[in-house]
Amino acid sequence: MKMGCYYRWVVFLQLIIFFNYMQIIPLSEGAFTVDKTKVFLPFDVEDDQLQSRSSGSLLVEIQPFVIKTEKDILLLDAGLGFYKNGELQLHQNLRAAGIQPEQITKVLMSHLHKDHAGGVSKKDNLGHYYLSFPNAVYYIQEQELAFALETGFPSYMPEELSMLQNSSQVVLLNGNGIIDKYIDYEVTAGHSRYHQVFWIKEGGEIVFFGGDDAPQLQQMKSRFVAKYDYDGKKCMQLRQQWWEEGKGENWTFLFYHDIKTPVSKAV
């Protein structure tokens with residue numbers, strides 16, 4: 001194992017953030033570059049050079065999160081769905097953090113692009129898909145699921161998402177609302193047409209997960225309109241709004257695509 005990879009694995013094991021009521025665990029799947037082909041290529045931050053990748057390549061982390069609350073073990077988005085040594089990498093990362101996949105109680109999906117939803121289901125040896133978290137309830141915007149299945153490749157993987165249809169484990173949301181009196185969700189239509197964001201509120205603490213509307217710390221602090229967003233101007237405005245609100249209310253931000261800073265306060 002190269003030292004760069006070893007260092008990232010040690011950091012992953014150590015980066016568990018404790019609060020009075022909630023515990024946050026980033027589940028890094030590694031760094032990748034992605035270009036207009038929407039193919040995610042592994043990137044070693046110690047040895048690889050971004051300039052060697054195709055023009056327009058973006059460097060991103062792929063990083064689902066677990067939040068332990070008083071009543072739940074939440075999973076926020078589900079990674080790329082890649083396998084290592086025959087096992088879903090997301091499951092490996094959970095076990096490394098001391099959590100069994102069967103312990104996940106809720107899966108909160110910001111949207112269903114393949115880098116966020118690849119791990120919602122897995123394939124058995126016979127080629128049949130089934131949901132990756134057998135005891136969890138999945139919370140997904142109904143219009144996002146319909147759009148994903150209709151639109152398909154390369155942004156969405158309909159075959160992997162098909163298990164979300166007509167499943168008793170799936171709650172299809174319509175618009176904004178509250179889950180179990182402590183998880184607020186809001187449709188933004190920012191990064192994607194039916195993208196949603198979450199606020200987890202417990203014991204006076206607020207954790208905010210903006211998915212790809214707020215993917216990296218740097219974007220929260222600068223005026224940046226991304227061409228890859230459904231509504232880039234709206235995303236920029238929302239990031240500024242959330243950052244200011246977060247300062248006033250001491251939010252903890254989770255950044256799914258940030259290479260260096262997965263968790264941060266607004267400062």
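Reader: Which residue's side chain does K106 meet in a salt bridge?

Author: In this predicted model, the side chain of K106 meets that of D180 in a salt bridge, at 2.7 Å from N to O. K106 lies in strand β10 (residues 106-108) and D180 in the loop between β15 (177-179) and β16, so the pair ties together parts that are 74 residues apart in sequence.

Reader: And is K106 buried or exposed? What about D180?

Author: K106 counts as buried, at 7% relative accessibility, whereas D180 is partly exposed, with a relative accessible area of 37%.

Reader: How many salt bridges does a search of the whole structure find?

Author: The search finds six salt bridges. One of them is between the side chains of E87 and R95, with 2.0 Å from N to O; E87 counts as partly exposed at 25% relative accessibility, and R95 likewise counts as partly exposed, at 34%. Another is formed by E244 with K247, where the closest N and O atoms are 3.5 Å apart.

Reader: Where do E244 and K247 lie?

Author: Both lie in helix α7 (residues 232-249), where they are three residues apart, about one turn of the helix. K247 counts as partly exposed, with 41% relative accessibility. As for links between salt bridges, those that share partners join D72, K106 and D180 into one network.

Reader: Back to K106, then: which residue is its bridge partner between β7 and β10?

Author: That is L74, whose bridge partner in β10 is K106. The strands β7 and β10 run parallel and are joined by three bridges. On its other pairing, β7 goes with strand β6 (residues 65-68) in the antiparallel sense, over four bridges, and a hairpin of four residues joins β6 to β7. Within that pair, K68 has I73 of β7 as its bridge partner.

Reader: Which residues of β7 are buried, and on which side?

Author: Strand β7 (residues 73-76) is covered on both faces, since I73 and L75 are buried on one side and L74 and L76 are buried on the other.

Reader: Changing topic, what is the strand order in the open sheet of six strands?

Author: The order is β15-β16-β17-β18-β19-β20, with mixed pairing. Its edge strands are β15 and β20 (263-265), each of which pairs on one side only. On average, neighbouring strands of this sheet are turned by 25° against each other, direction ignored. At the β15 edge, β15 and β16 run antiparallel and are joined by three bridges, and there I179 has I183 of β16 as its bridge partner.

Reader: Which strands of the sheet does α7 touch?

Author: Helix α7 packs on the sheet and touches β17, β18 (205-209), β19 (252-254) and β20, and its direction makes about 140° with that of β19.

Reader: I'm also curious about S192. Where does S192 lie, and what is it in contact with?

Author: S192 lies in the loop between β16 (183-187) and β17 (196-202). Leaving aside neighbours within four places in sequence, S192 is in contact with H111, H113, E144, Y156 and Y230.

Reader: Why does S192 count as buried?

Author: S192 counts as buried because its relative accessible area is 4%, and buried means under 20%.

Reader: Last one: which residues are buried in helix α2?

Author: In α2 (residues 89-96), the buried residues are Q89, L90, H91, N93 and L94. The helix is followed by G98, which has a positive phi near 85°.

How values were computed: Residues are numbered from 1 along each chain as its sequence is written. This is a predicted model: local features need pLDDT of at least 70, side-chain atom pairs count only at pLDDT 80 or more; totals for chains, interfaces and linings use all residues. Side-chain values use heavy atoms; hydrogens and water are left out. Helices (H or I, at least four residues) and strands (E, at least two) are DSSP runs, numbered from the N terminus. Buried means under 20% relative accessible area, exposed over 50%, partly exposed in between (1.4 Å probe, protein chains only). Contact means heavy atoms within 4.5 Å. A salt bridge is a side-chain nitrogen of Lys or Arg within 4 Å of a carboxyl oxygen of Asp or Glu. Two strands pair if DSSP finds at least two bridges between them. Axes are lines fitted to C-alpha atoms, for helices over the stretch in contact, and angles run from 0 to 180 degrees between N-to-C directions.
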